[in-house]
Amino acid sequence: MPKRDDIHTILIPGSGAIVIGQAAEFDYSGTQALKALRAQGYRVVLVNSNPATIMTDPELAEATYIEPLTPHALEAIIRQERPDAMLPTVGGQTGLNLALALSRSGVLDKYGVRLIGADIRAIEAAEDRLLFRDTMKKASIPTPRGGAACSLAEAQALADEIGYPLLVRASFALGGTGAAWVWEPAGLPEAVGKAMAASPIGQAWIEESIQGWKEFELEVMRDRADNFAVICAIENLDPMGVHTGDSITVAPAQTLTDREYQVLRDLARRVLSTVGVETGGANVQFAVHPETGRAVVIEMNPRVSRSSALASKATGVPIAKLAALVAAGFTLDEIPNDITGRTTAAFEPSLDYTVVKIPRWAFEKFPGVDDRLGPQMKSVGEVMALGRTFPEALHKAVQSLEIGVDALDGSGPARGLPEKTEDLTTLAIPTADRLFRVYRAVGQGLSLESIQKASGYDLWFLAELQAIHQMQARLAAADPQEEQFPTLLRAAKRLGFTDSHLARLLGISEDAVRGLRKQLGILPTFQRVDTCAAEFEAQTPYLYSAYETEDEARPTGKPKVLILGGGPNRIGQGIEFDYCCCQAAFALQRLGYETVMLNCNPETVSTDYDTAARLYFEPLTFEHVLNVVERERPQGVIVQFGGQTPLNLAARLEAAGVPVLGTSPHAIQLSEDREEFAKLLRELDIPQPDNGIARSLEEARGVAAGLGYPVLVRPSFVLGGRAMALVESEARLAEFIQKAFEASPGQPLLIDKFMEDAFEIDVDALADGERVVIGAVMQHIEEAGVHSGDAACVLPPYKVSAYHQGIMREFTEQLGLALGVRGLLNVQFALKDEMVYVLEVNPRASRTVPYASKATGLNLAYVAAQVMAGCKLAELGVTEEPRVDGFFVKEAVLPFNKLPGSSVLLGPEMRSTGEVMGHAAHFGLAFAKSQIAAGESLPLAGAALISVNDYDKSAGLKIARDLQRMGFALLATPGTAAFFSKVGLPVQAVHKLGEASPHVVDLIRAGQVQMIVNTPLGPNAHQDGAEIRAAALAMGVPLLTTLSAAAAAVSAIRVLRQEELHYRSLQEHFS
Amino acid sequence: MEAAILVLQDGTVLQGRAFGAPADAVFELVFNTSMSGYQEILSDPSYRGQGVLFTAPHIGNVGINLEDDESARPQVSALVINHLSPLVSNWRAALPLADWLAQQGVPGIADLDTRWLTRRLRDGGTQKAALSTRGTSPEKLMAMVNAWPGLDGRDMVREVTCQAPYDWPGDAGSAWVMAEGNASTSRIVAYDFGIKENILRHLAAGGARVTVVPAATPAREALAFHPDGVFLSNGPGDPSGLPYLVDIVRELLDSGVPLFGICLGHQLIGRALGAGTRRLAFGHHGGNHPVQHLPSGKVLITAQNHNYCVAPEDLDPAEVEITYKSLNDGSLEGFRLKRKPVLSVQFHPEAAPGPHDAHGIFREFFQMIDQVVCHA
């Protein structure tokens, strides 16, 4: 069956901001879908509020709307673009929810938009747990016993019937929000309440406990001829009870016989046809009882997903591309297999290697958060590794994590083993480090059966861990001079032991291990991911390393550049850097280079075999990078685009003779080293906030006392403000200094005088050694003290004079030339009392690059990559700062609702997971759009609660007055209320937290507050602020914690009350 | 750890780790890309005379159980793998793979670069090989390889067929096989050329009384059971070395009895219709082979295990409707006769191991029988 010719324009919603549970994988999937559909001649209209995506590059669609993903925006866009079809299955849960909303409101019918990829019936049946369960029951497909409840009474009746323990979940919620285990009746009311609150339809789902069962997931594909294929079977190391996004997973499944596997395959097929998924990709999750083999279906997602991205990278099958093509009417046998070039997509991959995924958590950023893993996903990224065997892949995955650990016992080059011994009771508690604890327990000699019972890890995995441990023990006792040593060393490398770990075991340096290996001829080979276990020759150079006999890399003699990716997504180093790496690949390809990508993050566009000419899926460690360099012999390596990960390797790579393109590692080092950098600024006569360098706590005390509190502590060589802190008094200095030294061991700290009420400005620029061209000047809406990654930001600045902007441009130019920058440059400024100060310079890709590029139309990373390859800006026609039409507001999206217990106040340590952009001709409208896109709709009427600290009272008055004039009722805490009353503003005083009920939090929870302005100060105020924020989060009430943000919100509300939001594609904007 | 030596016909000598029985074996080495189901593959009589290399790197994880056998014992001559599981983990497991092989006299070699070997076999074609797990020298093994005639033109069926007719009683694995469609009450005679038990389970699940007969049973003796249909099984080796079976199949064709062939049975039907069979470069061995049903265009993911195929150009289009072809290499995967109730497929609808996409072909056989009975 050929493609459908009854459709011409296809609307694709993206998934919006990166949040826990819905991340970069949807950029990967969406980009594939866009490319595939356009290649078939369809006109594609994309809507995605996230500017840090490749998919929102205007070249990838006919119309690209960086607009809020709301039914309102989509209806307007449908009205403008008149698509005849909508593909909702590559935009995550967001895409499906939009499809449901637009279908229910009749918009799709009204404009004649057909859903392709999944119909409404299928989405409803898959997303509504009750309907799904009923649908399964009717088809005699086994599921856990359970039911839906819309009240506590209903929930109790169900619980009595099923028995405890129980799993309580929220219907229609993302990433397991609102899910909890309940062990006894007393815990039920709270869990049910939370689940009902988290569910958009107020429904809790109550289910039999299948905790501890084995968990499997099948990634499947179906076309309209009912052809069906399993792309990948994934087995979780962590048993049921840990969200699959938080589980270590292995592909292919390892502990099922064919009989048992085929039961799952047959069930998956029946689930798809029963639910009515006619075309596209889907995943079906199963639980299998470890002792009886009883298999039940847990859930099905009729769309591409995080695990389908993983399965794509694990197998070489581009699931999203196939899903898009089958949605457009193709059958699988009509789609070629790109990897073999001679077979078709109608087949099931066979893997002759093993794949391990490990999630990456960021608990260090969220003190107070329960770090136990459960049904609600908490990880912010993941790594994947390929090896011929499970031990090899597992080792490589651990090395990819970049948590300072290179061995399964949890040790690392600068990190010893914990002293304590493991016991069985703690192994039952799933945490981010459970793998290491289990390994140590195996090493301690606890019986595998007892560890299996405690942890739920299948015995097979434990036996492999034991084999690794036995090897570790042999290595620790080995003598490199003995005759059998070469055999032992080769066996160790085949099990994935890294040189840095071997160095510790053998008591020699890592370089010595590498030298020894080379001398003994123990060298890595590169194998191809070919989808077919070598049955056919692979055409695509998608490679992983192993220690085998035959190398399949077959490098070409073309001029080539190696691009080092960013590794796992984490807070502070996210999709923005992958975006830049992809741009580098596109730009260098354009210049005629063969591009080689090295990365270990399966969620990304950079690890699509389509992005660079050659792809190495490898850990971003010195050893693995150097292996690839030695095999490929590139003309240059790009280390400046992947964030801190490749930068941290730059000096060692350069020392090893690897040619680094662009800005020299020395210049980068200089700008990162707080001491060196301060010297440079003094030489250039560029002001910096008063500061001092400290190498010890004692020095820090002296510096801080000299500057006067509050001070800002900044460690060197970190991203995302890791361990950066605002310290208000000496009492807490020691604690923060210690954390800062831990985050950046052996490096000096910079202690700044904190500039209260300063504005911060980011400048992104390009430099080629001769010329500096400003890309964008962006003003933070929050005052100084909030990390730039967490601050809302507007381009162009709305409150900075042309004079001051001119100074910043000048300083940027001076710095770019002084540092010899060749490529990207980001400078952070503070503006206080008419003075411009430089806070930081980053001669590398920065987080704002994609946002600035989308807003200005100048693709900064793309140009920078060309400059790094030797082009001059003048040759590229880039000599002037682009003019910006209208306002572009970036807003950060924070993960607090996924991480209960975390402090919710913003500070100098970055904690947002993603960003959105809003644009409009008017600042207020652009800000309003950014808030809507970030999930915080501003109210147009109602009551506003204001609680401001003493410094803010006068400025707060103006905001209160504006709100009152627009008809808002004013509520205020006693101090604020008294101040407002004095000038005659009608205000109702409300109790502070801790005073008699109803106090502020009660009012918020009762739904009597539509908007909150709260600028807390002082230790108690912070505590109160946290509770207010938690209540606001729970109730979805917008909360503004700085006066500038509040003022921006007021301005937004004012324009929103006067005019409708309009939506405009980037193509139209720039035409 | 005992050393094992594998030598290939082209002179390659490889050393690995021995497991299974201490023995010498000479065989034709083929690779199988199934990611699950080693027990079924090892006990499949079609592998008689062959050593199997599994491309899946982890073998032995789930041990051996009492339900998943395809015959009473391992049939392969040797096993070539990358990584042998240090223990068994599965609720149905009865014993470790290595113990089963040791009990049954089958040697295995582990810790080899199986991907490299697979690429050799893919590019250079199937090779003769010999394995020793008891210290036999490479030279001696090479001599064994050179002395061994190989499988071409040889009758391997004799080694695996049953000695006397019997009614299939069902077994422990039968519980895993569900009936496809309505139960039939037919009587089926199944020729055993090395029959996989899952075929018998499927025929029985369809409600049939199944009588298994030795390969050389003359057609008239088979027809004397008054079967509603006759089944021609899979089996090992080269169909061109089995002229006596081609004669029997020709008689069965002439009798007009509904006939269903799988794999070797299919090749024999092809030869009985006058078509040649030829060797494929490295055969089809795996559980992910897409075949297209030509009348509907639908694709089935099938289990396959064959080194030879029927030459489609030799089949008379007036008599034969080609119903299935391989999407990987376009080779013939199945046909029906236009004027006779004959159904023939190269792949394995009984799977075991592999996807169940083609189970419906058993139903098709029963429907064909029903139609013949109705018209009679």
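User: Which residues of α6(B) are buried?

Analyst: This is a predicted model, and in it helix α6 of chain B spans residues 197-205. The helix is mostly covered, with nine of its nine residues buried. Going along α6(B), the buried residues are E197(B), N198(B), I199(B), L200(B), R201(B), H202(B), L203(B), A204(B) and A205(B).

User: And which residue takes a positive phi just after α6(B)?

Analyst: Look just past the end of α6(B). The phi there is about 100°, and the residue that takes it is G207(B).

User: Let's go to chain A. What is the strand order in the open sheet of five strands?

Analyst: Start with the edges: β36 (988-989) and β38 of chain A each pair on one side only. From the β36(A) side, strand β35 (residues 969-972) of chain A pairs with β36(A) in the parallel sense over two bridges. At the other end, β37(A) and β38(A) also pair in the parallel sense over two bridges. Put it together and the order is β36-β35-β34-β37-β38.

User: Which residue in β36(A) is the bridge partner of A972(A)?

Analyst: β35(A) covers residues 969-972 and pairs with β36(A). So we want the residue in β36(A) that bridges to A972(A), and that partner is A989(A).

User: Which helix packs on the sheet?

Analyst: Look for a helix touching β34, β35 and β36 of chain A. Its direction makes about 130° with that of β35(A), and its residues are 974-982. The helix is α32 of chain A.

User: Why does β37(A) count as largely enclosed by the rest of the structure?

Analyst: Check both faces of the strand: M1011(A), V1013(A) and T1015(A) point one way, I1012(A) and N1014(A) point the other way, and all are buried. β37(A) is largely enclosed because its buried residues number five of the five.

User: How many bridges join β34(A) to β37(A)?

Analyst: β34 of chain A is residues 943-948, and the two strands run parallel. One pairing is S947(A) with N1014(A) in β37(A). The number of bridges joining them is five.

User: On the β38(A) side, what is the bridge partner of V1013(A)?

Analyst: β38 of chain A is residues 1039-1040, and it pairs with β37(A). In β38(A), the partner of V1013(A) is L1040(A).

User: Now helices. At what angle do α20(A) and α29(A) cross?

Analyst: α20(A) is residues 575-590 and α29(A) is residues 860-868, with axes that come within 8 Å. The crossing is right-handed. As for the angle, it's roughly 55°. That makes the two helices oblique.

User: Which residues in α29(A) meet α20(A)?

Analyst: From the α20(A) side, the contact uses C580(A), Q583(A), A584(A), F586(A), A587(A) and L588(A). By class, the whole contact has eight nonpolar, two polar and no charged residues. The residues in α29(A) are A861(A), Y862(A), A865(A) and Q866(A).

User: What about α15(A) and α16(A): how far apart are their axes?

Analyst: α15(A), residues 448-455, packs against α16(A) at an angle of about 125°, and the crossing is right-handed. L448(A), I451(A) and Q452(A) meet L459(A), L462(A), A463(A) and Q466(A) there. That contact has five nonpolar, two polar and no charged residues. Their axes are 10 Å apart.

User: Which helix of chain A gives the most to the side that touches chain B?

Analyst: Across the interface, 47 residues of chain A are in contact with 43 residues of chain B. Two helices, α9 (258-275) and α16 (459-476) of chain A, each supply at least two residues of the chain A side. That side divides into 19 nonpolar, 14 polar and 14 charged residues. With six residues, the helix that gives the most is α9(A).

User: Last one: is T611(A) buried or exposed?

Analyst: T611(A) is in the loop between β20 (594-599) and β21 (614-617) of chain A. Leaving aside its neighbours within four places in sequence, T611(A) contacts C582(A), A585(A), M597(A), V605(A) and S606(A). The cut-off for burial is 20 or more other C-beta atoms within 10 Å. T611(A) has 23 C-beta neighbours inside 10 Å, so it counts as buried.

Definitions and conventions: Residues numbered from 1 in each chain as written. Chains lettered and ligands numbered in written order. Predicted model: local features only at pLDDT ≥ 70, side-chain atom pairs only at ≥ 80, totals over all residues. Axes fitted to C-alpha atoms, helices over the stretch in contact; angles between N-to-C directions. Helix = DSSP H or I, 4+ residues; strand = E, 2+ residues; numbered from the N terminus. Parallel < 35°, antiparallel > 145°, perpendicular 65-115°, else oblique. Left-handed = near helix turned anticlockwise from the far one by under 90°. Contact = placed C-beta atoms within 7 Å. Nonpolar A, V, L, I, M, F, W, Y, C, P; charged D, E, K, R; others polar. Buried ≥ 20, exposed ≤ 12 C-beta atoms within 10 Å, placed from the backbone. Pairing = 2+ DSSP bridges.
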